[in-house]
Each structure stands twice: as C-alpha cells, then as structure tokens.
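Biologist: I'm new to this one, so could you take me slowly through a single part of it? Start with one residue and work outwards from there.

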Amino acid sequence: MESQEQAGQARVRLPQLKLDELLEELQARLDAARGTRDRVHSLLEAVLSVGRELDLEQALHSIVEAAAALVDAQYAALGVIGADGKRLSAFHTVGVSEEQIARIGPFPEGHGILGELIRHPEPLRLAKLSEHPASYGFPPHHPPMNTFLGVPIRVRDQVFGNLYLTEKRGEAQFDEEDESVLSTLAVAAGVAIDNARLYEDSRLRERWLQANAEITHSLMSGAEPGEALAMIARRASEITGAVLAVVAMPVEDTDSLRVELAVGQRAEAHRGLVLPVDESLIGRAFSTATPVTSADVTHDERIANPEARFTGLGPAVAVPIGTGDGVRGVVLLVREAGRTVFSAKETEPLQGFAAQAAIAMELAERRSDAEEIAVLKDRDRIARDLHDLAIQRLFATGMTLQSAGRFIEHPEAGDRVARAVDDLDETIKIIRSTIFGLRAREGGAGTGLRARVVRVAGEAAPVLGFAPSVRTEGLVDTDVPRETADHVVAVLSEALTNVARHARAARAEVILETDGHEVRLSVTDNGVGIPPEGRRSGLHNMAERAHQLGGELELSTPEGGGTRLLWRVPVPTEES
C-alpha cells in the first residue's frame, strides 16, 4: 500500500519538474530576446549619435565612447592611420585618465597588435593579448589588458583607422555578437567620418573663398600693396594653423628675394632679409613656381642658419604668389615643432589662394596704371593748352604793349608799360617751367639705393668666395637723398673689398637701415680682424666721407671675433 502511494507522489513531482525546466528555459529565452532588443536599440542610438556629429574630432570621440558602451569594454581607442598607411597619426582613448596618459608617455604609433590590424584590416578577437605572436608588450605604467577586440573603420573603401576594445567587464570574453555589433558600428562610423570630412572640406573652401574676396575687395578699393601682403600672410596663417608667415618679393635687377613682411613667431628675425633665389627654400618655390614643403625647417639643408630664425618651429611650406612666368613673390608658412607636415590636400587650396591673390594684385596694378595714364594724358592736354593758347596770347599781349609803348609820351606811363611787359615775360617763363614739370618723367627702374646695395653685394661674391647676407630696414629708397646714397654705395664697395683682401672671412653680413633722421651701414665679418700695423687708407677714405656729411665711422670686434664696421651719417630734412 505504501509503495503505491510513493509511486503516485513520484508521478506528481515529475511533471512539476519538467514544467519548471520549461519555464526556466522560456524565461532565459525571454531574457535573451530582451537583451538582444536592448542591444539593437543601443546600437541604433549609437549610430544616430555618431551620425549627428559634423566636427571630425568630436565625431571620433563619440565613436570611441559608443564602442565601449556597446560591448561593455573598460578601455577603448580609435587609431587614425597616417598618410603613409603604416603608422598611426592620431589616437583617441576612453577609460584612461589624463594623468595615466601622461605617465605612460607618447601615444602608440602602430606596433604589435595595433600594427597587426593595420597590416591585416580584418576583425581580430583575442582571449589574451600577450599570447598573440605579434604582441609587443606594454610600456611602464600601462594598465593591464588581456581580452581584446579590434575592427577596422573604412571610409569609401579606404581604411581610415581601427577600433580597439580591451577588458570586457565582468572578466568575460568578447564573443561573436560583440564582434558583429562593433563591425556594424564601424560601418556607421565610416559614414559619419566621411560626412565630417566633407563638411570640414566645405568649410575650409568657404574660408579660402572669403579670404580671396576680402583681398580682392581691398586691392580694388585702392589699398596699398603692403596692406595686401599683410592680409595674405594673416589669412593664410589663420587658415593653415601656421605660427609664422613670411612674404618675400623679388629685388629688381638681381637674383634675390627680399622679405617684405613677416608676422608671427620670430618674425623680427626675418624682416628685411635678402635671400638668394638658388640657395633658399623660398627661392626654390619662386624659381620653380611650385609649392616646396619642409618636414622640419630647423634641419633643412636649403635654409642657412636655421637656428637663428626658426628655433621652436617645424613643418613649413613655401608657396609662389602667382603661376608660371607671373610669379610675383612667395609666402612661407611655418608651424610649431611637432605639428603635422603640410599635406598636398592643404597645399592645393593654399596655392589657389595665392594665385588668386596674384591676379587681384595684377588687376589692381593695371587699374592703377590706367589711372596714371589718364592723369598723364590730362597733364599733356593741360601742357598743350598752356603752350598753344595761354603762352601765345601772353606773348601777343606783350608784343602789343611793346609796340604801344613807343607812342606813349608820358615817362611814368611808359615805365609802367615796360614793367608790365617784363611781368609778362616772367609769367611766360613760369608757365614754360610748369609745362616742363608736367611733361617730365621719372628716372629708370633699378636705381634705388636698396637695389644698388644688393647689386654691389652680389658683385663682391666672386671675390669673397661666398655671398654676403643683406638686410635693409626703413625707407632707404625714399628717405636717403641721391648724394648720400652714392656715398653709401662707395663705402659698401670699399668695405667688402677690404673683407675680401684682408679678413680671410667665411661669412659677412650687410645691414642698411634708416629711421628718416640717420642712415646706418653696418658690415660685419667673422675674419681675423684688423691688425694694428695694417694699412688704413681705405678706412681713412670711408671716415672722410662720413665727416663730409656730418657723420662718423666706428670699428669694433663683435662677440666671437671678426670686425664690425658701422658707417652712420644724418639724413638731410626739408627744414635743414
């Protein structure tokens, strides 16, 4: 009887157990479905969030944050592959504090596992990072990482970078579903990055167009060329992120370029410099009419004495202002050390900007020439009318008065008529002088003091064995009168001859400057100096020239040896 009761109770419990198992399985499937639904919902939210960003840097940061949240990873990073396709040029992280980053050191360049994804852009899932053959190890102070999931991000069939996820929370492993979700996010990320880059490109083109319009409007409104050059330098440096902008223009009748303008970091070291066309970065851009880039100006053999002018600076690009045979000058842009090198993508719009600026300058000059021609024609007309009409009538009036004077018997009246005739003669002389002034033309080009100084320095180069550097400051062509300018040229020629004959120097520097009150010529070399018993006839002549003009000649020894000659005289003013 008891056995029958026990058997009945067992049959009751068996269906109950099966029902519990079924309910548990059902609950597990419901939880899995709910989890899948929540994950899909999270993925959609992440895709929408990433797609809303138009700023590239912010879009990349949003992608990393979304990736970490979707696969529940403690650490996440997005590495952007550089132009060479072999290294990482940028690195965006989540989960590592700024303090930890500072202790770890520079961001990775793409060795080890990170480089594996660069070389083989396919999803990679690892249970333990250190067991992979490509494992490179971690630098000191790096947090421990074991589990790993990486997927590439493609933008228009080109690998833009990679997503790296490590340390899934709860000590779990990344699974196929994590890989699938992350791959889906990577597709959306590629679209978002492409949109952000297109938006960035359009904004950049808009800024270049605005800058061109501003320069064109300024020039066509009658702005001075110097103002236009300053505007070109400022706008180009603002758009490209340069900290130094230098504009050099050709010196008449020479193979040299003179720095007309320099703005930004260490600008004072460049103003007034005269650079040879064949032996400088700027000169190379001018002679070839194409942009010339430098990865680091402080270690570029095309730049003389870079430590004196480019300390703390790095990547640079020299772009011609104009194209072909119409190159009007060169703009040099330099970034801080450690910044990215100027790419072709950046250089192309910069070259277009400089070419448009050159066209605007050409149009402004043509307009100015047309206005000047109109003025000259008007002067010719006035001179012709004065000669053909006014002078002839005055002459006729004088002849009439002279003839009438013979019939005047009163002595006082005769004297008055004679004085009137003399006044008419003087008036005719004044008008003729005015006509001559209206028809006068300026002297030929290339006769300014600056061009003459550069020419003398260039002519001395074969004798010296090197080209002396030349720098000018101030309005030397307009403030220094012709007589004083002739003395300056003669003193410079004598000084460079002395350097060639006696100094045994390897370097010489010529500085000509004026402030409107005084003109100063300095010639410095690194030679053996002036011996006490040496001949001084040349120095005596230079000193005599200075004394004739009320100035003086000074000799000194600069730090490091050599000789420094300073010839200074006052500049006559209109009052004097």
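Modeller: Happy to. Let's start at Val259, which is buried, with a relative accessible area of 2%. Bear in mind that this is a predicted model. Val259 belongs to strand β7, which covers residues 256-264. What does Val259 touch, once its neighbours within four places in sequence are set aside? The contacts are Val246, Val247, Ala248, His270, Arg271, Gly272, Leu273 and Leu275. Take His270 from that list: His270 and Val259 are 11 residues apart along the chain, and their C-alpha atoms are separated by 6.7 Å.

Now follow another of those contacts, Leu273. Strand β8 (residues 273-276) is joined to strand β12 (residues 469-473) by 2 bridges, and the two run antiparallel. Within that pairing, Leu273 has Arg471 of β12 as its bridge partner. From β12 you can step across again, because DSSP bridges are what define pairing here: β12 and β13 pair over 5 bridges, this time in the parallel sense. One place to see it is Ser469, which stands opposite Glu509 in β13.

That step brings us to the largest nonpolar core. It has 37 residues, and Leu449, Leu521 and Trp567 touch the most other members. Which elements give two or more residues to this core? They are α11 (449-464), α13 (482-503), β13 (508-514), β14 (518-525), α14 (537-548) and β16 (563-570). Of these, α13 gives the most, with 9 residues. As a general point, nonpolar side chains tend to be buried together in soluble globular proteins.

Trp567 is a good place to stop and look around. Leaving out neighbours within four places in sequence, Trp567 is in contact with His487, Val488, Val491, Val519, Arg520, Leu521, Met542, Arg545, Ala546, Leu549, Glu552 and Leu553. So there are charged names in that list too, Arg520 being one of them. At 16% relative accessibility, Arg520 counts as buried. Its side chain meets that of Glu518 in a salt bridge, 2.9 Å from N to O. The pair also belongs to something wider: salt bridges that share partners join Glu513, Asp515, Glu518, Arg520, Glu554 and Arg568 into one network.

Another salt bridge starts from α11, one of the elements that feed the core. The side chains of Arg450 and Asp477 meet there, at 3.4 Å from N to O. Arg450 lies in helix α11 and Asp477 in helix α12 (residues 476-479), so the pair ties together parts that are 27 residues apart in sequence. Are the two partners buried or exposed? Arg450 counts as buried, at 17% relative accessibility, while Asp477 counts as partly exposed, at 37%.

You can set that beside a pair within one helix. Arg235 forms a salt bridge with Glu238, with the closest N and O atoms 3.5 Å apart. Both residues lie in helix α6 (residues 225-240), 3 residues apart, about one turn of the helix. Arg235 is buried, with a relative accessible area of 18%, and Glu238 is partly exposed, with 46%. The structure holds 16 salt bridges.

Before we stop, take a look at the other core. It lies apart from the largest one and has 28 residues, among them Leu149, Ile153, Leu163 and Leu182. Strand β4 (residues 148-155) has 7 of its 8 residues buried, so β4 is largely enclosed by the rest of the structure. Strand β3 (residues 124-126) is joined to β4 by 3 bridges, running antiparallel, and Arg125 has Leu149 as its bridge partner in β4. The pairing of β4 with strand β5 (residues 158-168) is antiparallel too, with 8 bridges. Here Ile153 stands opposite Gly161 in β5. The hairpin of β4 and β5 has 2 residues between the strands, and in it Arg156 takes a positive phi near 55°.

One last detail involves an aromatic ring: the charged end of Arg335 sits over the ring of Phe342, 3.9 Å from its centre. As for aromatic pairs, a search of the whole structure finds 1.

Definitions and conventions:
Residues numbered from 1 in each chain as written. Predicted model: local features only at pLDDT ≥ 70, side-chain atom pairs only at ≥ 80, totals over all residues. Heavy atoms only, no water. Phe/Tyr/Trp six-rings, centres within 6.5 Å; stacked < 30°, edge-to-face > 60°. Lys NZ or Arg CZ within 6 Å of the ring centre and 35° of its normal. Helix = DSSP H or I, 4+ residues; strand = E, 2+ residues; numbered from the N terminus. Buried < 20%, exposed > 50% of the residue type's maximum accessible area, 1.4 Å probe, protein only. Contact = heavy atoms within 4.5 Å. Core = buried A, V, L, I, M, F, W, Y, C linked by side-chain atoms within 4.5 Å. Salt bridge = Lys/Arg side-chain N within 4 Å of Asp/Glu carboxyl O.
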